[in-house]
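Here are some worked exercises to try with a protein model in view. Have a go at each task before you read its solution.

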Amino acid sequence: MEKIVLKTKDVSISFPGVKALDSVDFEVSTGEIRAVVGANGAGKSTLMKVLAGANPTYTGEVLLNDKVVDLRTPIDAKKLGIQIVYQEVDTSLVPTLSVAENIMINEMVMSSGIRMDWKNTREEAKKALERLHITNIDVNTLVQNLSLAQKQMVLIARAIRMNCNFLILDEPTAPLSMSETKELFDVVRHLREVENLAVIFISHRLNEILEICEQYTVMRNGQLVDNTPITQQTTTKEIVEKMLGRSFEESFPKESCEIGEELFSVEHLSGAEGKVDDVSFHVKAGEIVGIAGLVGAGKSELCKTIFGAYKKTGGTVKLGGKEMRIKTPADAVKNGIAFVPEERRKEGVLVEETVAFNLSAAALGQFCVASFVNRQKVNENASSFVSSLGIKTPSIRQFVKNLSGGNQQKVAVGKWLTADCELYMFDEPTKGVDVAAKQDIFHLINDIAKKGKGVIYATCEDSELLSLTDRIYVMYSGRIMAELETAKTSDDEIMYYAVGGDAQKQADAE
């Protein structure tokens, strides 16, 4: 098969106060699976957006088979066979259109005919999915009814219809279950081996990179610092140390916190249209309680039901021994409950507002005199949190949308620290966050617990639960299957209950 080579030569790009790329020389060829790794803000996403035509202000050259090409718009990139599937798949799809219409949308828009050949549209969309060996998606289904994994496949099917040679996947496994990740990897291997595509992986899940990729490129502070083949001897620790430019201790030692009396409890809680079913648990002051479970187990729905974002259909919620009447998120905030959601860009921060505004948003009344906002107080508060949380931003006036994922997450946490709540809930707080920022977030959560607050930490990452929590509740299909003491449990036991294992049978076996 013909080998096509894509290169950047001396590519640089600057944003206000930040040099995002600094003379980057990058090269990738069709027929390979390449990982691009780096800490949040290292420049990897910026480089990929240059290749996808989404960063038109770059300087330097991009070459395709040694011929200089201009990538100033996404259309330029697509015409040259370069496609990108972003982490937030919903931003690239039209939810009220069918799968077929979303796959064929480029042809539909460019069609000069008055009437659409709907039969041909459906047939061509089906062929695109069959090229990926995807048979479980009906092309007539509305995209809004698909799972995240299926939406991802729709975007990949759209990409390969457009004469794609280079497919960039931005954090593709972040929202996927283990089985969905396996299916994605099968598709990626097929694209390389049969379709002869180059697949570029941007991911913080280093174990998955070792499984699927053949080579990794490391970026740090806007520069490309390393290109290394992946062998059986390659370790995640080796990759992390290249990312950070220093030695790194992988484990996170649990910091001791004084645990007090019961602070928060839910009893027989149901809601979220049946996705939370008769759940009971409690949290003590100074305690970090984990909510474990696979993707779709009901962890997010449980947090959102407590927070008033989903309707409660039964049960009680108590804080400080007092029953809470929470019907909306505003009620939860008034009662001292904070929530850092999984989808930080959609729900956790205001991306079109500044760092300063976001850090005051959860407690804006503290910064008002009559009906006027005291800007000086807002700025002083922001400067304090930027310093104490280690938020990397050129200015407190920087828009949050321009920060890296890890720094956006720190802003999402910081705004609730301003509000000084009693219970803090975190839903997948390290999703899309690099290892260094992850440890910063762990320290923030420990500091919250040390102040005698209660913490709920919901994630499907068992290693994080074992490092950070005091107790763990395991969910399966909307129900609590087991309560475990973190110091006395293991990955295997958590997984046993996460796939629906029976607590009584386990106890009898022991």
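**Exercise 1. Compare the length of helix α15 with the span expected for a helix, then find how much of it is buried.**

Step 1: Locate helix α15, which covers residues 405-419 and has 15 residues. Helices here are DSSP runs of H or I with at least four residues, strands are E runs of at least two, and both are numbered from the N terminus.
Step 2: The expected span is 1.5 Å times one less than the number of residues, and for α15 this gives 21 Å.
Step 3: From its first C-alpha to its last, α15 reaches 22 Å, close to the expected value.
Step 4: Buried means under 20% relative accessible area, exposed over 50%, and partly exposed in between (1.4 Å probe, protein chains only). In α15, 15 of its 15 residues are buried.

A word on the source: this is a predicted model, where local features need pLDDT of at least 70 and side-chain atom pairs count only at pLDDT 80 or more, while totals for chains, interfaces and linings use all residues. Residues are numbered from 1 along each chain as its sequence is written, and side-chain values use heavy atoms, leaving out hydrogens and water.

**Exercise 2. Which elements do the buried residues of α7 pack against?**

Step 1: Helix α7 spans residues 178-193; its 16 residues should cover 22 Å, and its end C-alpha atoms are 23 Å apart, which agrees.
Step 2: Pick out its buried residues, among them Leu-184, Phe-185 and His-190.
Step 3: Look for contacts, meaning heavy atoms within 4.5 Å. The partners include the strands β3 (33-37), β7 (166-170) and β8 (198-202), and the helices α5 (118-131), α6 (148-161) and α8 (206-212).

**Exercise 3. Where is Glu-171 placed, and is it buried or exposed?**

Step 1: Recall that most residues other than glycine have a negative phi.
Step 2: Glu-171 has a positive phi of about 45°, and its place is in the loop between β7 and α7.
Step 3: Glu-171 counts as buried because its relative accessibility is 5%.
Step 4: Now visit two further positive values: His-268, in strand β11 (residues 262-271), has phi near 55°, and Asp-420, just after α15, takes about 55°.

**Exercise 4. How many helices and strands does the protein chain have, and what part of its residues is buried?**

Step 1: The count comes to 19 helices and 22 strands.
Step 2: Of the 510 residues, 54% count as buried.
Step 3: Along its principal axes, the C-alpha trace spans about 70 × 55 × 55 Å.
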